[in-house]
Amino acid sequence: MDDLETRELRYFVAVAEELHFGRAAHRLGIAQPPLSRAIRQLERRLGVQLLDRDRRGVALTGAGGVLLREARAALDAVAAAAHRTRRAEDLRRPLVLVTKAGASHELLRRLLAAAADTGAAPVEVVLCEVGEQARFLRSGRADVALMHRPVDDLAGFDTEDLCTEGQVALLPSGHPLAARPRLTLADVSDVPGLPIARWPRLDGTYPDGPGPEVRTQSQLAHLVALGKTLLVIPASSRAWQWPDHVAVPVIDAPAITTVLARPAGHHSPALTALTRAAAGLRDAPPAAPAP
(Lines give C-alpha, C1' and ligand atoms only; values in the text may rest on other atoms or scores of the structure.)
Protein backbone atom coordinates (compact mmCIF):
# COMPACT_ATOMS: atom_id res chain seq x y z
CA MET A 1 0.00 0.00 0.00
CA ASP A 2 1.26 3.48 -0.84
CA ASP A 3 1.98 5.90 1.98
CA LEU A 4 -0.91 8.13 2.97
CA GLU A 5 -0.75 11.69 1.71
CA THR A 6 -1.37 14.74 3.87
CA ARG A 7 -4.03 15.85 1.35
CA GLU A 8 -5.96 12.62 1.92
CA LEU A 9 -5.71 13.03 5.67
CA ARG A 10 -6.96 16.63 5.50
CA TYR A 11 -9.90 15.53 3.38
CA PHE A 12 -10.80 12.73 5.75
CA VAL A 13 -10.49 14.89 8.89
CA ALA A 14 -12.81 17.50 7.36
CA VAL A 15 -15.47 14.88 6.59
CA ALA A 16 -15.04 13.15 9.96
CA GLU A 17 -15.41 16.41 11.85
CA GLU A 18 -18.29 17.80 9.81
CA LEU A 19 -20.03 14.43 9.30
CA HIS A 20 -21.39 15.94 6.09
CA PHE A 21 -19.73 15.84 2.68
CA GLY A 22 -21.22 19.13 1.54
CA ARG A 23 -20.00 21.07 4.60
CA ALA A 24 -16.61 19.38 4.42
CA ALA A 25 -16.23 20.27 0.74
CA HIS A 26 -17.12 23.90 1.47
CA ARG A 27 -14.60 23.96 4.34
CA LEU A 28 -11.88 22.58 2.05
CA GLY A 29 -12.77 24.85 -0.85
CA ILE A 30 -13.38 22.00 -3.29
CA ALA A 31 -16.39 20.43 -5.01
CA GLN A 32 -18.22 17.58 -3.31
CA PRO A 33 -17.85 14.85 -6.01
CA PRO A 34 -14.03 14.78 -5.98
CA LEU A 35 -14.09 14.75 -2.17
CA SER A 36 -16.42 11.74 -2.14
CA ARG A 37 -14.19 9.95 -4.66
CA ALA A 38 -11.08 10.69 -2.60
CA ILE A 39 -12.63 9.18 0.54
CA ARG A 40 -13.80 6.10 -1.36
CA GLN A 41 -10.30 5.68 -2.78
CA LEU A 42 -8.81 6.03 0.69
CA GLU A 43 -11.12 3.31 2.02
CA ARG A 44 -10.15 0.97 -0.85
CA ARG A 45 -6.44 1.55 -0.27
CA LEU A 46 -6.74 0.92 3.47
CA GLY A 47 -9.09 -2.02 2.99
CA VAL A 48 -11.52 -0.78 5.66
CA GLN A 49 -14.76 1.18 5.82
CA LEU A 50 -14.16 4.53 7.48
CA LEU A 51 -17.67 5.99 7.25
CA ASP A 52 -21.21 4.67 7.47
CA ARG A 53 -23.34 6.47 4.89
CA ASP A 54 -27.12 6.48 4.75
CA ARG A 55 -29.95 8.88 4.01
CA ARG A 56 -29.74 10.35 7.50
CA GLY A 57 -26.11 11.36 7.10
CA VAL A 58 -22.58 10.17 7.82
CA ALA A 59 -21.14 8.46 10.90
CA LEU A 60 -17.65 7.26 11.78
CA THR A 61 -16.96 3.55 12.00
CA GLY A 62 -14.57 2.18 14.61
CA ALA A 63 -11.78 2.24 12.03
CA GLY A 64 -12.75 5.78 11.09
CA GLY A 65 -12.44 6.90 14.70
CA VAL A 66 -8.93 5.46 14.85
CA LEU A 67 -7.90 7.20 11.62
CA LEU A 68 -9.37 10.51 12.81
CA ARG A 69 -7.22 10.41 15.94
CA GLU A 70 -4.09 9.34 14.05
CA ALA A 71 -4.68 11.78 11.17
CA ARG A 72 -5.01 14.74 13.54
CA ALA A 73 -1.73 13.77 15.21
CA ALA A 74 0.02 13.32 11.85
CA LEU A 75 -1.20 16.64 10.47
CA ASP A 76 -0.19 18.39 13.70
CA ALA A 77 3.29 16.84 13.40
CA VAL A 78 3.67 18.04 9.80
CA ALA A 79 2.52 21.55 10.73
CA ALA A 80 4.86 21.55 13.73
CA ALA A 81 7.83 20.61 11.56
CA ALA A 82 7.13 23.56 9.28
CA HIS A 83 6.59 26.02 12.13
CA ARG A 84 9.72 25.00 14.02
CA THR A 85 11.88 24.95 10.90
CA ARG A 86 10.88 28.49 9.98
CA ARG A 87 11.38 29.77 13.52
CA ALA A 88 14.79 28.09 13.87
CA GLU A 89 16.28 30.79 11.64
CA ASP A 90 15.13 33.60 13.95
CA LEU A 91 17.36 33.41 17.02
CA ARG A 92 15.82 36.57 18.48
CA ARG A 93 12.23 35.42 18.34
CA PRO A 94 10.29 35.20 21.63
CA LEU A 95 9.10 31.93 23.08
CA VAL A 96 5.38 31.45 22.48
CA LEU A 97 3.49 30.42 25.63
CA VAL A 98 -0.17 29.43 25.35
CA THR A 99 -2.60 29.37 28.26
CA LYS A 100 -6.32 29.34 28.88
CA ALA A 101 -7.67 32.87 29.18
CA GLY A 102 -8.16 33.69 32.86
CA ALA A 103 -6.50 30.51 34.16
CA SER A 104 -3.47 30.72 36.48
CA HIS A 105 -3.39 34.47 35.90
CA GLU A 106 -1.34 35.37 38.96
CA LEU A 107 1.04 32.45 38.45
CA LEU A 108 1.59 33.49 34.83
CA ARG A 109 2.36 37.04 35.92
CA ARG A 110 4.97 35.79 38.39
CA LEU A 111 6.44 33.37 35.82
CA LEU A 112 6.93 36.16 33.29
CA ALA A 113 8.52 38.37 35.96
CA ALA A 114 10.86 35.55 37.06
CA ALA A 115 11.85 34.83 33.45
CA ALA A 116 12.66 38.51 32.89
CA ASP A 117 14.75 38.62 36.08
CA THR A 118 16.85 35.66 34.92
CA GLY A 119 17.48 37.15 31.48
CA ALA A 120 15.48 34.43 29.69
CA ALA A 121 14.22 35.03 26.16
CA PRO A 122 11.14 37.24 25.81
CA VAL A 123 7.85 35.39 26.10
CA GLU A 124 4.84 36.03 23.86
CA VAL A 125 1.60 34.97 25.55
CA VAL A 126 -1.20 33.50 23.41
CA LEU A 127 -4.61 33.04 25.05
CA CYS A 128 -6.84 30.12 24.11
CA GLU A 129 -10.02 28.39 25.18
CA VAL A 130 -10.34 25.29 27.33
CA GLY A 131 -8.47 22.24 26.04
CA GLU A 132 -6.72 23.99 23.14
CA GLN A 133 -3.18 24.15 24.54
CA ALA A 134 -2.29 20.62 23.45
CA ARG A 135 -3.16 21.38 19.82
CA PHE A 136 -1.06 24.57 19.92
CA LEU A 137 1.96 22.61 21.17
CA ARG A 138 1.54 19.65 18.83
CA SER A 139 1.08 21.86 15.78
CA GLY A 140 4.15 23.95 16.62
CA ARG A 141 2.16 27.16 17.05
CA ALA A 142 3.44 27.39 20.64
CA ASP A 143 6.66 26.35 22.36
CA VAL A 144 5.33 25.92 25.87
CA ALA A 145 2.01 25.98 27.72
CA LEU A 146 0.44 26.35 31.13
CA MET A 147 -1.77 23.28 31.56
CA HIS A 148 -3.58 21.48 34.35
CA ARG A 149 -3.32 17.90 35.58
CA PRO A 150 -5.49 15.80 35.55
CA VAL A 151 -7.94 17.67 33.30
CA ASP A 152 -5.72 18.55 30.31
CA ASP A 153 -4.22 16.23 27.70
CA LEU A 154 -0.53 15.93 28.65
CA ALA A 155 0.34 12.90 26.50
CA GLY A 156 3.68 13.37 24.74
CA PHE A 157 4.74 16.40 26.78
CA ASP A 158 7.52 17.02 29.30
CA THR A 159 6.14 18.89 32.30
CA GLU A 160 7.37 20.95 35.22
CA ASP A 161 4.97 21.03 38.17
CA LEU A 162 4.35 24.56 39.44
CA CYS A 163 1.65 24.43 42.11
CA THR A 164 -1.29 22.40 43.36
CA GLU A 165 -4.55 23.94 44.47
CA GLY A 166 -8.15 23.16 45.35
CA GLN A 167 -11.27 23.89 43.35
CA VAL A 168 -14.26 26.16 43.80
CA ALA A 169 -17.86 26.12 42.61
CA LEU A 170 -18.74 29.20 40.58
CA LEU A 171 -22.38 30.03 41.23
CA PRO A 172 -24.91 32.78 40.46
CA SER A 173 -24.66 35.29 43.29
CA GLY A 174 -28.35 35.01 44.21
CA HIS A 175 -28.44 31.22 44.54
CA PRO A 176 -28.83 29.73 48.07
CA LEU A 177 -25.65 27.65 47.66
CA ALA A 178 -23.68 30.86 47.16
CA ALA A 179 -24.23 31.70 50.84
CA ARG A 180 -22.52 28.49 52.04
CA PRO A 181 -18.93 28.74 53.39
CA ARG A 182 -18.00 25.44 51.70
CA LEU A 183 -19.55 22.77 49.50
CA THR A 184 -19.00 19.15 48.47
CA LEU A 185 -19.25 17.54 45.05
CA ALA A 186 -22.50 15.94 46.18
CA ASP A 187 -23.91 19.40 46.95
CA VAL A 188 -23.33 20.63 43.39
CA SER A 189 -23.78 17.45 41.35
CA ASP A 190 -27.58 17.55 41.03
CA VAL A 191 -28.88 21.04 41.82
CA PRO A 192 -32.48 21.53 40.57
CA GLY A 193 -32.53 24.17 37.85
CA LEU A 194 -28.76 24.67 38.00
CA PRO A 195 -27.00 21.79 36.19
CA ILE A 196 -23.22 21.64 35.88
CA ALA A 197 -21.92 22.99 32.57
CA ARG A 198 -20.52 20.41 30.14
CA TRP A 199 -17.11 21.00 28.57
CA PRO A 200 -16.02 18.99 25.51
CA ARG A 201 -13.90 15.91 26.11
CA LEU A 202 -10.43 15.63 24.58
CA ASP A 203 -11.96 14.17 21.40
CA GLY A 204 -14.41 17.08 21.07
CA THR A 205 -17.53 15.16 22.16
CA TYR A 206 -19.61 16.11 25.18
CA PRO A 207 -20.51 13.93 28.17
CA ASP A 208 -24.19 13.18 28.69
CA GLY A 209 -26.10 15.34 31.11
CA PRO A 210 -28.64 18.12 31.47
CA GLY A 211 -26.11 20.99 31.68
CA PRO A 212 -25.50 23.32 28.74
CA GLU A 213 -22.70 22.53 26.28
CA VAL A 214 -20.06 25.26 26.43
CA ARG A 215 -16.83 25.90 24.54
CA THR A 216 -15.73 29.32 25.71
CA GLN A 217 -15.33 31.00 29.07
CA SER A 218 -17.39 33.92 27.80
CA GLN A 219 -20.34 31.59 27.18
CA LEU A 220 -19.88 30.12 30.61
CA ALA A 221 -19.67 33.46 32.41
CA HIS A 222 -22.95 34.60 30.84
CA LEU A 223 -24.75 31.33 31.65
CA VAL A 224 -23.64 31.39 35.30
CA ALA A 225 -24.67 35.04 35.66
CA LEU A 226 -28.09 34.21 34.18
CA GLY A 227 -28.59 31.37 36.68
CA LYS A 228 -28.50 28.67 33.99
CA THR A 229 -25.48 26.65 35.13
CA LEU A 230 -22.66 26.23 37.63
CA LEU A 231 -19.17 24.81 37.31
CA VAL A 232 -16.25 23.59 39.40
CA ILE A 233 -12.88 25.13 38.50
CA PRO A 234 -9.38 25.60 39.98
CA ALA A 235 -9.42 28.37 42.57
CA SER A 236 -6.95 30.52 40.62
CA SER A 237 -9.22 30.53 37.55
CA ARG A 238 -11.48 32.92 39.44
CA ALA A 239 -9.46 35.73 37.84
CA TRP A 240 -12.30 36.11 35.31
CA GLN A 241 -15.06 35.97 37.97
CA TRP A 242 -17.86 38.52 37.44
CA PRO A 243 -19.65 40.50 40.19
CA ASP A 244 -22.68 38.30 39.36
CA HIS A 245 -20.71 35.19 40.40
CA VAL A 246 -19.78 33.78 43.79
CA ALA A 247 -16.99 31.21 44.28
CA VAL A 248 -17.35 28.67 47.11
CA PRO A 249 -14.62 26.10 47.99
CA VAL A 250 -15.50 22.50 47.09
CA ILE A 251 -13.66 20.63 49.83
CA ASP A 252 -13.64 17.14 48.25
CA ALA A 253 -12.95 18.12 44.62
CA PRO A 254 -9.74 16.63 43.16
CA ALA A 255 -6.68 18.84 43.52
CA ILE A 256 -5.47 20.52 40.32
CA THR A 257 -1.76 20.84 39.52
CA THR A 258 -0.65 23.60 37.17
CA VAL A 259 2.29 22.53 34.99
CA LEU A 260 4.57 24.11 32.42
CA ALA A 261 4.38 21.74 29.42
CA ARG A 262 6.48 21.44 26.27
CA PRO A 263 6.77 18.77 23.55
CA ALA A 264 8.85 15.85 24.81
CA GLY A 265 12.47 15.98 23.75
CA HIS A 266 12.38 19.60 22.64
CA HIS A 267 15.10 21.58 24.38
CA SER A 268 16.71 24.92 23.68
CA PRO A 269 18.60 27.44 25.82
CA ALA A 270 15.47 29.62 25.90
CA LEU A 271 13.20 26.74 26.98
CA THR A 272 15.72 25.61 29.58
CA ALA A 273 15.92 29.11 31.05
CA LEU A 274 12.14 29.42 31.22
CA THR A 275 11.81 25.98 32.82
CA ARG A 276 14.42 26.94 35.42
CA ALA A 277 12.48 30.11 36.21
CA ALA A 278 9.29 28.05 36.51
CA ALA A 279 10.95 25.60 38.91
CA GLY A 280 11.67 28.51 41.24
CA LEU A 281 7.93 29.11 41.59
CA ARG A 282 7.09 25.53 42.53
CA ASP A 283 4.74 25.04 45.48
CA ALA A 284 4.08 28.78 45.75
CA PRO A 285 0.35 28.79 44.80
CA PRO A 286 -1.06 31.79 42.99
CA ALA A 287 -3.12 34.13 45.12
CA ALA A 288 -6.83 33.74 44.50
CA PRO A 289 -8.97 36.86 44.03
CA ALA A 290 -10.90 38.05 47.04
CA PRO A 291 -14.47 36.67 47.29
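This passage describes the predicted model of a single chain, from its overall make-up to its sheets, one helix and several individual residues.

The model is predicted, and for that reason local features were considered only at a pLDDT of at least 70 and side-chain atom pairs only at pLDDT 80 or more, whereas totals for chains, interfaces and linings use all residues. Residues are numbered from 1 along each chain as its sequence is written, and side-chain values rest on heavy atoms, with hydrogens and water left out.

The chain contains 9 helices and 10 strands, where helices (H or I, at least four residues) and strands (E, at least two) are DSSP runs numbered from the N terminus. Its C-alpha atoms fill a box of roughly 60 × 55 × 25 Å, taken along the principal axes. Of the 291 residues in the chain, 40% are buried, a term that stands for under 20% relative accessible area, with exposed meaning over 50% and partly exposed the range in between (1.4 Å probe, protein chains only). Among the contacts in the chain with a separation of 6 or more, 68% are made by residues 24 or more positions apart, a contact being defined by heavy atoms within 4.5 Å.

One open sheet is built from 5 strands in the order E4-E3-E5-E10-E6, and its pairing is mixed; two strands are taken to pair if DSSP finds at least two bridges between them. The edges of this sheet are formed by strand E4 (123-128) and strand E6 (157-165), each of which pairs on one side only. From one strand to the next the twist averages 30 degrees, with axes given by lines fitted to C-alpha atoms (for helices over the stretch in contact) and angles running from 0 to 180 degrees between N-to-C directions. Within the sheet, strand E3 (residues 95-100) and strand E5 (residues 144-149) run parallel and are joined by 2 bridges, and Leu-97 stands opposite Val-144 in E5.

Helix H9 (residues 269-279) packs on this sheet, touching E3, E4, E5, E6 and strand E10 (256-263), and its direction makes about 170 degrees with that of E10. The buried residues of H9 are Leu-271, Ala-273, Leu-274, Thr-275, Ala-277 and Ala-278, and they pack against helix H5 (105-117) as well as against E3, E4, E5, E6 and E10. Glu-160, which is placed in strand E6, has a relative accessible area of 15% and therefore counts as buried. Leaving aside neighbours within four places in sequence, Glu-160 is in contact with Thr-258, Val-259, Leu-260, Thr-275, Ala-279 and Arg-282.

A further open sheet has 3 strands in the order E8-E7-E9, with antiparallel pairing. Its edge strands are E8 (231-234) and E9 (245-250), each pairing on one side only, and neighbouring strands of this sheet are turned by 35 degrees against each other on average, direction ignored. Strand E7 (residues 167-172) and E8 run antiparallel and are joined by 4 bridges, and Gln-167 stands opposite Pro-234 in E8.

Two loop residues may be described next. His-175 is found in the loop between E7 and helix H7 (185-189), and it touches Val-191 and Leu-194 when residues up to four places away in sequence are not counted. The C-alpha atoms of His-175 and Leu-194 are 9.3 Å apart in space, although these residues are 19 apart in sequence. Lys-228, in turn, lies in the loop between helix H8 (217-225) and E8. With the same exclusion of residues up to four places away in sequence, Lys-228 touches Leu-194, Pro-195, Pro-212 and Leu-223, while its C-alpha atom is separated by 7.2 Å from that of Gly-193, 35 residues away along the chain.

Searches for particular side-chain pairs complete the description. In the whole structure 0 disulfides were found, a disulfide being a pair of cysteine sulfur atoms within 2.5 Å. For Cys-128, the nearest cysteine sulfur is that of Cys-163, 17 Å away. Cys-128 counts as buried because its relative accessibility is 5%, and Cys-163 likewise counts as buried, at 2%. The charged end of Arg-141 sits over the ring of Phe-136, 4.2 Å from its centre, the criterion being that NZ of Lys or CZ of Arg is within 6 Å of the ring centre and within 35 degrees of the ring normal.
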